[in-house]
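Good morning, and thank you for coming. Please take a moment to look at the sequence and the structure before I begin.

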Amino acid sequence: MMTVYSREYYQAGLAEGKIKAKKLDKYRLGPDFILAYDLGPAASYRTLLVDRKQGEIVLRATTKTLLAHFVNEDLPGGYPLQDKLLGIREQHVISAGHGAIFSPESFHAGLVDLVALQRMRGMEACQGGLLMTDLAGVNCYFFQVKRGYANASRQVKEAVEHNALYCSLFHGLAGQVGCPVCRQGDWNLLYGPSYQQAVEADLAGRIPSLRQLLAEIKAEEKAVLKQILLDELGLPLLPDDLDYALKQAEKKLLFRI
C-alpha cells in the first residue's frame with residue numbers, strides 16, 4: 001500500500017515521537033535532495049527534509065534559507081542568470097540543469113515547501129492539493145496548493161521549460177532539450193515526454209547564448225556599482241572605497257526570498 005506523506009504527517013509524527021529524524025546543524029541542497037517541508041515558526045526544528053542517502057532530516061534553518069544558500073553559493077551563474085531566463089509568472093523554480101527545485105507555492109509564500117522534480121515520476125490532483133509520486137512509485141507526497149491543481153500543473157510545465165533552457169545554455173545544445181548526461185536514469189517529471197514538444201518549440205524560438213547573457217549580467221553589475229558610487233560614496237575614490245562598492249554590488253544582486 002502506498003504511503004502518503006505531508007506537512008501535517010511529519011508535524012504529528014515528530015510531536016508524537018513516531019518519526020526519528022536525523023538532526024543536523026547544516027545541509028546543502030544537492031543531488032540527493034528529494035523534498036523539504038516548512039513545519040512553521042512554532043516548530044523547534046523548522047524544516048523536515050528528505051534525502052536519498054540520509055533519509056529524514058530536521059533542521060532549524062528555513063527552506064528559504066536553504067534555497068538562498070544554494071542559489072548564491074552553489075549555482076553556476078547565480079540568481080542573475082536565473083532571472084534572465086525567468087520567463088514565468090511567479091518565482092516557483094530554481095533550475096540547475098541536472099535538476100530543478102520546485103515550490104508548489106511562490107517562494108515568497110509564508111510556508112515554502114520544496115521538491116526536486118527529477119526525484120518525482122508523476123503528479124495528480126488531490127483535494128485541493130498536489131500529489132507527487134517518487135521514482136519507485138512507492139511513496140506519495142502531498143503539497144498544499146491554494147489556487148488549485150490546474151495552476152500548479154502549469155507551473156510544473158513552466159519549470160520544466162525553464163530548466164531545459166538553463167541546461168542548454170551550459171551544454172551548447174540549442175534546439176535540443178536538456179543534456180543527455182543529465183537525462184540518464186529513471187523517467188521523471190523533469191524529462192517527461194508530455195512536455196518535450198513544448199520545450200523544443202520554446203528553445204528553437206528563444207535560446208540565447210551564454211556569452212550574451214553573461215555580458216548582460218556584467219553590465220547590470222556595473223550599473224549597480226555606478227549607482228552605489230554616486231549615492232553612497234561620492235568622489236574621489238580610494239581603493240578601499242572601490243572594494244566596498246564592489247561588495248555592495250554583489251549583495252544587491254543576491255537571490256532573496
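Which residues are buried in H3? They are Gly78, Tyr79, Pro80, Leu81, Gln82 and Leu85. Helix H3, residues 78-85, is thus described as mostly covered, with six of its eight residues buried. Please bear in mind throughout that this is a predicted model.

Let me turn to the sheet. The strands form an open sheet of seven, in the order E2-E5-E4-E3-E8-E7-E6, and their pairing is mixed. At the edges stand E2 and strand E6 (93-95); each has a single partner strand, so one side of each is left without a neighbour in the sheet. Further inside that order, E3 and strand E8, residues 114-116, run antiparallel and are joined by two bridges. One residue pair to locate there is leucine 35, whose bridge partner in E8 is valine 115.

I now come to the charged pairs. As a general point, side chains of opposite charge can pair when their charged atoms come close. How many salt bridges does the structure hold? The count is nine, and I shall discuss three of them in detail.

The pair I take up first is arginine 28 with glutamate 73, where the closest N and O atoms are 3.3 Å apart. Arginine 28 sits in the loop between strand E2 (22-23) and strand E3 (33-38), whereas glutamate 73 belongs to helix H2 (residues 63-74), so this salt bridge ties together parts that are 45 residues apart in sequence. Arginine 28 itself is exposed, its relative accessible area being 54%.

Next, lysine 53 and aspartate 32 meet through their side chains in a salt bridge, at 3.8 Å from N to O. Lysine 53 lies in the loop between strand E4 (47-51) and strand E5 (55-59), and aspartate 32 in the loop between E2 and E3; the pair therefore ties together parts that are 21 residues apart in sequence. Are these two partners buried or exposed? Lysine 53 is exposed, with a relative accessible area of 64%, while aspartate 32 counts as buried at 16% relative accessibility.

The remaining example lies within one helix. Glutamate 161 and lysine 157 form a salt bridge whose closest N and O atoms are 2.6 Å apart. These two residues are four apart in helix H4 (residues 149-171), and about one helical turn separates them. In general, an α-helix has 3.6 residues a turn, so residues three or four places apart point the same way. Glutamate 161 counts as buried, at 13% relative accessibility, and lysine 157 is partly exposed, at 33% relative accessible area. Salt bridges can also share partners, and in this way Arg28, Glu73 and Asp74 are joined into one network.

Finally, the cysteines. How many disulfides are there in the count? The count comes to zero. Why is there no bond at cysteine 126? Its sulfur is 7.5 Å from the closest cysteine sulfur, which belongs to cysteine 140, and that is too far for a bond; the cut-off applied is 2.5 Å between the sulfur atoms. Viewed from cysteine 140, the closest cysteine sulfur is likewise that of cysteine 126, at 7.5 Å. As for accessibility, cysteine 126 counts as partly exposed at 23%, whereas cysteine 140 counts as buried at 2%.

That concludes my presentation, and I thank you for your attention.

Note on methods:
Residues are numbered from 1 along each chain as its sequence is written. This is a predicted model: local features need pLDDT of at least 70, side-chain atom pairs count only at pLDDT 80 or more; totals for chains, interfaces and linings use all residues. Side-chain values use heavy atoms; hydrogens and water are left out. A salt bridge is a side-chain nitrogen of Lys or Arg within 4 Å of a carboxyl oxygen of Asp or Glu. Buried means under 20% relative accessible area, exposed over 50%, partly exposed in between (1.4 Å probe, protein chains only). Two strands pair if DSSP finds at least two bridges between them.
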